[in-house]
Amino acid sequence: QLQACGGGLVQAGGSLRLSCAASGNIFSILYMGWYRQAPGKQRELVATITIGGTTTYADSAKGRFAISRDTAKKAVYLQMNSLKPEDTAVYYCAIWVPGYDYWGQGTLVTVSS
């Protein structure tokens, strides 16, 4: 029910904007966010945003990434600037509702040096 897009190949220092939109009956959204998983590593938090707009970021994302949401569209976005090769990963969006969480299929971001 979550469709993520916007990944691709970009050179170091470049930018990408990821988008994720929910379809179907998803109600009572508490917060939305992005995780990523690099090859051979565990999935890690990138950023989250509450419905009220409060944001949290991983240290690696602070100052470079910006998360935003459109509550009417049930969509979440991740603007990524100053990308580094270590940002290469599959990025997953997620939505949390009381007692459950929804995950997108992932979109690949590759940053070349």
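This note sets out numbered points on the fold, the core and selected residues of a predicted model.

1. Overall fold. The protein chain contains zero helices and 11 strands. Read along the sequence, the pattern is therefore an unbroken series of β elements, β-β-β-β-β-β-β-β-β-β-β.

2. Dimensions. The radius of gyration of the protein chain is 13 Å, which agrees with the value near 13 Å for a compact globule of 113 residues. Along the principal axes, the C-alpha atoms fill a box of roughly 40 × 25 × 25 Å.

3. Burial and surface. Of the 113 residues in the protein chain, 41% count as buried. The accessible surface comes to about 5900 Å², and carbon and sulfur atoms account for 50% of this area.

4. Contacts across the sequence. Among contacts in the protein chain with a separation of 6 or more, 53% join residues that lie 24 or more positions apart.

5. The nonpolar core. The largest nonpolar core has 30 residues, and the members that touch the most others are Trp 34, Leu 78, Met 80 and Tyr 91. Two or more residues of this core come from each of the strands E1, E3, E4, E5, E7, E8, E9 and E11. Strand E9 supplies the largest share, five residues. As general background, nonpolar side chains in soluble globular proteins tend to be buried together.

6. Leu 78 within the core. Which residues does Leu 78 contact, leaving aside its neighbours within four places in sequence? Its partners are Leu 16, Arg 17, Leu 18, Trp 34, Val 46, Ala 47, Phe 65, Ala 66, Ile 67 and Tyr 91. Two of these partners, Trp 34 and Tyr 91, are listed with Leu 78 among the core members that touch the most others.

7. Strand E1 and its partner. Strand E1 has two faces: Leu 2 and Ala 4 form the covered one, while Gln 3 and Cys 5 form the uncovered one. E1 pairs with E3 in the antiparallel sense, over four bridges. Within this pairing, Gln 3 has Ala 21 of E3 as its bridge partner.

8. Thr 48. This residue is found in strand E5. Is Thr 48 buried or exposed? Thr 48 has a relative accessible area of 12%; because the limit for burial is under 20%, the residue counts as buried. Its side chain makes a polar contact of 2.4 Å with the side chain of Thr 56. Not counting residues up to four places away in sequence, Thr 48 also touches others, including Tyr 31, Met 32, Gly 33, Thr 54, Thr 55 and Ile 67.

Technical notes:
Residues are numbered from 1 along each chain as its sequence is written. This is a predicted model: local features need pLDDT of at least 70, side-chain atom pairs count only at pLDDT 80 or more; totals for chains, interfaces and linings use all residues. Side-chain values use heavy atoms; hydrogens and water are left out. A nonpolar core is a set of buried Ala, Val, Leu, Ile, Met, Phe, Trp, Tyr and Cys residues joined through side-chain atoms within 4.5 Å. Buried means under 20% relative accessible area, exposed over 50%, partly exposed in between (1.4 Å probe, protein chains only). Contact means heavy atoms within 4.5 Å. A polar contact is a pair of N or O atoms within 3.5 Å; within protein, one must be able to donate a hydrogen and the other to accept it, and residues adjacent in sequence count only if both atoms are side-chain atoms. Two strands pair if DSSP finds at least two bridges between them. The radius of gyration is taken over C-alpha atoms; the globule rule is 2.2 Å times the number of residues to the power 0.38. Accessible areas come from the Shrake-Rupley method with a 1.4 Å probe; for residues, only the protein chains shown count as cover.
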